[in-house]
Amino acid sequence: MKTQVAIIGAGPSGLLLGQLLHKAGIDNVILERHTPDYVLGRIRAGVLEQGVVDLLREAGVAERIDREGLVHEGIELVCSGRRIRLDLKGLSGGKTVMVYGQTEVTRDLMDARQASGAPIVYEAENVQLYGLKDGTPYVTYEKDGQTQRIDCDYIAGCDGFHGVSRKTIPAEVLSHYERVYPFGWLGLLSDTPPVHEELIYAHTDLGFVLCSQRSTTRSRYYLQVPLSEKVEDWSDERFWNELKRRLPGDVANRLVTGPSLEKSIAPLRSYVVEPMQYGRLFLVGDAAHIVPPTGAKGLNLAGSDVCYLFRILDKVYREGRTDLLEKYSELALRRVWKGERFSWFMTNLLHDFAGSDAFDRRMQLADREYFLNSEAGRVTIAENYVGLPYEEVA
């Protein structure tokens, strides 16, 4: 098989890149090692920046998000028992965010891929990448006991942190930057109405809380827990009781509880690898960077990677601008590091760090008082939360 772009990974970044390329007349093949049901079973983020929503519209897959997505103009932060609303729209010059589950984004993109007839191979095993530096890249994989080969011009590694793409790059080429946090998030998904119309981020002496949502009837809640906790030790009743303990009384009194659809514990970490390209291979999304979910940036940074890579490849095939290829890593990383900084900042601002000394706790308190009680501080949070603008590719 021959194609112009081989995409490794059928998560939202790989599917979105494939859809944009297809609409631009650029042939591409997607390889995914798991089944479609497995991909859809991943419970992930639900807050989309305006830039990602616009990109989904450009890809022609926004009909359902425009109909069912919830536009949010603000968020609420709770600190020292005070509830403070951040007017995202007012503080950011009119920008908002969209609440729409990543699972639903993936489902929409899968449906669009199937309708387009563009090739996608699920359960592709033992994917291997070759010829990345000599200008003749190709990919091999195994399917139904047979080894297949795809010759291509470029490869997009959209296969996540544990995928093969980054691991194919020689170790001496890469620089790794990482921060591992000493806690995780215990998350619960339930078919219950959200406790509040907007997301609530709460700092408490008992640990961080996030009250999130996927729709007007489906809620997602998170509790900060030590890394030593095990999800099987948390019954639904224990979770709901602990959530109520950490929320302000008026909020806790409105909480509607119910059976969990899913519970899991996610450790928090920040991670970036540089560069994000090697010859004809381009890393996208979690293959190159991980952020703690506090800043709602994981899927959104993957979306900005997709945007930059698509704009570059579109100009390569339409205008012959091969000079732009070497700019991908630089463009993507500038926005990645800003997203990493904001996610690190929000994590440090709102979580309880066991073992921190009195000075660190006072500095954390001073940060909260400044950023939440000054116009400049609130603007800084708002403009980062709704998403910084993309750079032009030229």
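**Helix H10, its partner and two buried residues**

User: In this predicted model, what is the handedness of the crossing of H10 and H11?
Analyst: The two helices in question are H10, which covers residues 298-319, and H11, which covers residues 328-350. Taken as a pair in the predicted model, H10 and H11 have a crossing that is right-handed.

User: How is H10 directed relative to H11, roughly parallel or roughly antiparallel?
Analyst: The helices pack with their axes 10 Å apart, and the angle of that packing is about 165°. Because an angle over 145 degrees counts as roughly antiparallel, the direction of H10 relative to H11 is roughly antiparallel.

User: Which residue of H11 that makes the contact with H10 is also named among those with the most contacts inside the largest nonpolar core?
Analyst: On the H11 side, the contact is made by Tyr328, Leu331, Ala332, Arg335, Val336, Gly339 and Glu340. In the largest nonpolar core, which has 77 residues, those with the most contacts are Leu17, Leu31, Leu48, Leu56, Ile155 and Tyr328. Leaving aside its neighbours within four places in sequence, tyrosine 328 is in contact with residues including Asp305, Tyr308, Leu309 and Ile312, which are also listed on the H10 side of the helix contact. The residue found in both lists is Tyr328.

User: Which helix gives the largest share of the 77-residue core?
Analyst: One helix of 22 residues, reaching 32 Å from its first C-alpha to its last, has 16 of those residues buried, so it is largely enclosed by the rest of the structure. Nine residues of the core come from this helix, and they form the largest share. The helix is H10.

User: Where is valine 29 found, and is it buried or exposed?
Analyst: Valine 29 touches Met1, Thr3, Val5, Ala6, Ile7, Arg113, Pro119 and Ile150, not counting residues up to four places away in sequence. One of these, alanine 6, is 23 residues apart from valine 29 along the chain, yet their C-alpha atoms are separated by 5.1 Å. Valine 29 is found in strand S2, and because its relative accessible area of 3% falls under the 20% cut-off, valine 29 is buried.

User: What is the relative accessible area of threonine 96?
Analyst: Threonine 96 is found in the loop between helix H5 and strand S7, where, leaving aside its neighbours within four places in sequence, threonine 96 is in contact with Gln50, Val71, His72, Glu73, Lys89 and Val386. Threonine 96 is buried, and its relative accessible area is 10%.

Methods: Residues numbered from 1 in each chain as written. Predicted model: local features only at pLDDT ≥ 70, side-chain atom pairs only at ≥ 80, totals over all residues. Heavy atoms only, no water. Helix = DSSP H or I, 4+ residues; strand = E, 2+ residues; numbered from the N terminus. Buried < 20%, exposed > 50% of the residue type's maximum accessible area, 1.4 Å probe, protein only. Contact = heavy atoms within 4.5 Å. Expected span 1.5 Å × (residues − 1). Core = buried A, V, L, I, M, F, W, Y, C linked by side-chain atoms within 4.5 Å. Axes fitted to C-alpha atoms, helices over the stretch in contact; angles between N-to-C directions. Parallel < 35°, antiparallel > 145°, perpendicular 65-115°, else oblique. Left-handed = near helix turned anticlockwise from the far one by under 90°.
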